[in-house]
Amino acid sequence: MSLLNVQNVSKKFGQLAALSDIHLKVEQGEIRALLGPNGAGKTTLFNLISGMFAPTTGSIHFDAVEITRQSVEQRVRTGIVRTFQITEIFKELSVYENLRIAVEADSGISLRPWLSAARKHAVRRRVEELLDATHLSGKAYREVGELAHGDQRVVEVAMALAMSPRLLLLDEPTAGMSDHETEHMVQLLRQLHQEFDLTILFVEHDMHLVFNLAERITILDNGRWLAEGTPQEIAADERVQAAYLGSNAA
Ligand SMILES: Nc1ncnc2c1ncn2[C@@H]1O[C@H](COP(=O)(O)OP(=O)(O)O)[C@@H](O)[C@H]1O
Ligand SMILES: [Mg+2]
């Protein structure tokens, strides 16, 4: 049984068919990339999986439960977590405070000022565990808005981890990063994948990054499923080469 099973999904925006008859199965523990030229429908598929919109037709199952029309909040509770955008994070608060808020929200205790000392201690331990896992301990008391771009993107990942994801969704996790920051993020994602037994689905148009990180790759082109396979299989696929020739994607 696949952890994520997207079947015959289509999405129309008015007359525009952003996605047509897409299928996608992701297994527990996999690192999967969703690759394709600009406008291929990657972010739209991502939005359907995370619950931002419902598909026009088709179904989505997570861990054998149909989630096609569940809200974002319901999906987060079952473990489908998309990285927070930095715009959703309190930039004027420290990394630590942001994570504390996220951990309290995850355990449903943010509205209880009478929190016991034991619960407070448990929250602090969890925040420290997240800081440690993402190598942010040394920056815990810095304001998020003052951090370098690459570190802010790591905070996005740490905030998502606070929601205890089983499936972590990342949309272009290294967009706008320097080579050094990109390498750091790739290492971090590999490490988190192992450490937390995470299944990762990431959207990316940088071929190099995809081949470096993904175990399997699914290619979309112009709203349609084009190909799927290991990096080696994809590199050798003529349909993929044809889709990328004549487009300006990397
Ligand atoms: N909310 C929306 N409303 C209308 N059209 C949209 C919306 N989101 C995406 N689209 C359109 O759907 C197509 C696929 O877009 P998108 O999923 O963002 O592609 P990608 O992420 O692969 O670049 C594009 O033609 C885009 O303009
Ligand atoms: Mg996109």
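Where does Tyr-141 lie? Select Tyr-141 in this predicted model: the residue sits in the loop between H4 and H5. Its relative accessibility is 68%, so Tyr-141 counts as exposed, the cut-off being over 50%. Now add Ser-94 and Tyr-96 to the selection; leaving aside neighbours within four places in sequence, these are the contacts of Tyr-141. Tyr-96 is 45 residues away from Tyr-141 along the chain, yet the two C-alpha atoms are separated by 6.1 Å.

**A second stop in the loop**

Go next to Thr-134, which is also placed in the loop between H4 and H5. Is Thr-134 buried or exposed? Thr-134 has 0% relative accessibility and therefore counts as buried. To see what touches Thr-134, show Val-154, Ala-158, Leu-161 and Leu-188; this list leaves aside neighbours within four places in sequence. One of these contacts, Leu-188, belongs to the buried residues of H6, and H6 is the next selection.

**Helix H6**

Select residues 179-195, the 17 residues of helix H6. At 1.5 Å a residue the helix should span 24 Å, and because its end C-alpha atoms are 24 Å apart, the expected and modelled spans agree. Which residues of H6 are buried? Colour Thr-182, Met-185, Val-186, Leu-188, Leu-189, Leu-192 and His-193. Turn the view to look down the axis of H6: these buried residues fall within an arc of 165 degrees, so they line one face of the helix. An α-helix has 3.6 residues a turn, so residues three or four places apart point the same way.

On the other side of H6, pick out Asp-179, His-180 and Gln-194, which are exposed. Then return to the buried residues and display what covers them. The cover includes three strands to select, S3 (31-35), S7 (167-171) and S8 (199-204). It also includes the helices H4 (117-133), H5 (149-161) and H7 (207-213). Before leaving, step just past the end of H6 to Asp-197, where phi is positive, at about 50 degrees.

**The cavity**

Rolling a probe the size of a water molecule over the atoms shows where empty space is left. How many cavities of 30 Å³ or more does the structure hold? There is 1, and the space in the largest cavity comes to about 40 Å³. To find its lining, select Thr-83, Arg-153, Glu-156, Val-157, Leu-170, Asp-171, Pro-173 and Met-185. H5 and S7 are the elements that give two or more residues to this lining, and H5 gives the most, with 3 residues. Sorted by class, the lining of the cavity has 4 nonpolar, 1 polar and 3 charged residues. Met-185 of this lining was coloured earlier as one of the buried residues of H6.

**The largest pocket**

Finish at the largest pocket, whose volume is about 510 Å³. Which residues of its lining lie nearest the centre? Select Val-72, Glu-73, Val-76, Phe-84 and Met-163 to centre the view; the lining has 16 residues, and these lie nearest the centre of the pocket. Then show helix H2 (72-78), strand S6 (80-82) and helix H3 (95-106), each of which supplies at least two residues of the lining. H2 has the largest share, 4 residues. Colouring the lining of the pocket by class gives 8 nonpolar, 3 polar and 5 charged residues.

Note on methods:
Residues are numbered from 1 along each chain as its sequence is written. Chains are lettered from A and ligands numbered from 1 in the order in which they are written. This is a predicted model: local features need pLDDT of at least 70, side-chain atom pairs count only at pLDDT 80 or more; totals for chains, interfaces and linings use all residues. Side-chain values use heavy atoms; hydrogens and water are left out. The expected span of a helix is 1.5 Å times one less than its number of residues. Buried means under 20% relative accessible area, exposed over 50%, partly exposed in between (1.4 Å probe, protein chains only). The arc is that of the directions from the helix axis to the C-beta atoms. Contact means heavy atoms within 4.5 Å. On a 1 Å grid over the protein atoms alone, a cavity is a set of points where a 1.4 Å probe fits but cannot get out, and a pocket is an open set with protein on both sides within 12 Å along at least five of seven lines; lining residues have an atom within 4 Å of a point. Grid points are joined across faces, edges and corners, and a volume is the space filled by probe spheres set on the points. Ala, Val, Leu, Ile, Met, Phe, Trp, Tyr, Cys and Pro count as nonpolar, Asp, Glu, Lys and Arg as charged, and the others, Gly among them, as polar.
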